[in-house]
Amino acid sequence: MKVFLVDDEKGIVAGLRAIIERYVPECEVIGTAYNGLEGYQLIRQKEPDIVITDIRMPQADGLDMIRMLKEEACRAEFILLSGYAEFEYARKGLQLGARSYINKP
């Protein structure tokens, strides 16, 4: 499975990449982005199976990015990451079709 990572914190992206490469050999990280707009553009090009994305990012947040991709019939599955404890963000993401929501420390 092809995985794409989107987070404005480079350390989070690097950590997720390392975890996936080490513990999930059936998945390949095919790209990364550091804001929602860059993620939107690259995801359209690379067509991953799974997108793991932060919610709050500059230029376009993760929810806006998912909304724009869904409008273009993107078939990727989305997993949301957030450092915010408010479930309202998760609820909005799940309404957009995200499969899961993970709080990051």
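This section describes the nonpolar cores, one helix pair and several individual residues of a predicted model.

The largest nonpolar core of the model comprises 20 residues, and those with the most contacts inside it are Val6, Ile43, Val51, Met65, Leu69, Phe78 and Leu80. Two or more residues are given to this core by each of strand S1 (2-6), helix H2 (36-46), helix H3 (62-71), strand S4 (77-82) and helix H4 (87-95). Of these elements, H3 gives the most, with 4 residues. A second core of 10 residues is separate from this one, and Val3, Leu16, Ile20 and Ile50 are among its members.

Met65 is one of the residues with the most contacts inside the largest core. When residues up to four places away in sequence are not counted, methionine 65 touches Val6, Gly36, Gly39, Tyr40, Ile43, Val51 and Thr53. Met65 also takes part in the contact between H2 and H3, in which Gly36, Gly39, Tyr40, Ile43 and Arg44 of H2 meet Met65, Met68 and Leu69 of H3. By class, this contact of H2 with H3 has 5 nonpolar, 2 polar and 1 charged residues. The axes of the two helices, H2 and H3, come within 9 Å and cross at roughly 30°. Because angles under 35 degrees count as roughly parallel, H2 and H3 are roughly parallel to each other. The crossing in which H2 passes H3 is right-handed.

Threonine 53, one of the residues touched by methionine 65, is found in strand S3 (residues 50-54). With a relative accessible area of 0%, threonine 53 is buried. Apart from residues up to four places away in sequence, threonine 53 touches Val6, Gly62, Met65, Ile66, Ile79, Leu80 and Leu81. Val6 and Leu80 in turn are named among the core residues with the most contacts inside the largest core.

The loop between S3 and H3 holds both methionine 57 and glutamine 59, and these two residues are described here in turn. Methionine 57 counts as buried, at 10% relative accessibility, and, with neighbours within four places in sequence left aside, is in contact with Val6, Asp7, Asp8, Asn35, Gly36 and Gly62. Glutamine 59, by contrast, is exposed, with a relative accessible area of 63%. The backbone of glutamine 59 has a positive phi of about 70°, although this residue is not a glycine.

A positive phi, of about 65°, is likewise found at alanine 73, which is not a glycine either. Alanine 73 is placed in the loop between H3 and S4 and is exposed, with a relative accessible area of 56%. Between methionine 57 and alanine 73 the separation is 16 residues in sequence and 22 Å in space, taken from C-alpha to C-alpha.

Proline 25 is located in the loop between helix H1 (10-23) and strand S2 (28-33). At 68% relative accessibility, proline 25 counts as exposed, the cut-off for that class being over 50%. The C-alpha atom of proline 25 is separated by 9.3 Å from that of methionine 1, the two residues being 24 residues apart along the chain.

Notes. Residues are numbered from 1 along each chain as its sequence is written. This is a predicted model: local features need pLDDT of at least 70, side-chain atom pairs count only at pLDDT 80 or more; totals for chains, interfaces and linings use all residues. Side-chain values use heavy atoms; hydrogens and water are left out. A nonpolar core is a set of buried Ala, Val, Leu, Ile, Met, Phe, Trp, Tyr and Cys residues joined through side-chain atoms within 4.5 Å. Buried means under 20% relative accessible area, exposed over 50%, partly exposed in between (1.4 Å probe, protein chains only). Contact means heavy atoms within 4.5 Å. Axes are lines fitted to C-alpha atoms, for helices over the stretch in contact, and angles run from 0 to 180 degrees between N-to-C directions. Angles under 35 degrees count as roughly parallel, over 145 as roughly antiparallel, 65 to 115 as roughly perpendicular and the rest as oblique. A crossing is left-handed if the near helix is turned anticlockwise from the far one by less than a right angle, and right-handed if clockwise. Ala, Val, Leu, Ile, Met, Phe, Trp, Tyr, Cys and Pro count as nonpolar, Asp, Glu, Lys and Arg as charged, and the others, Gly among them, as polar.
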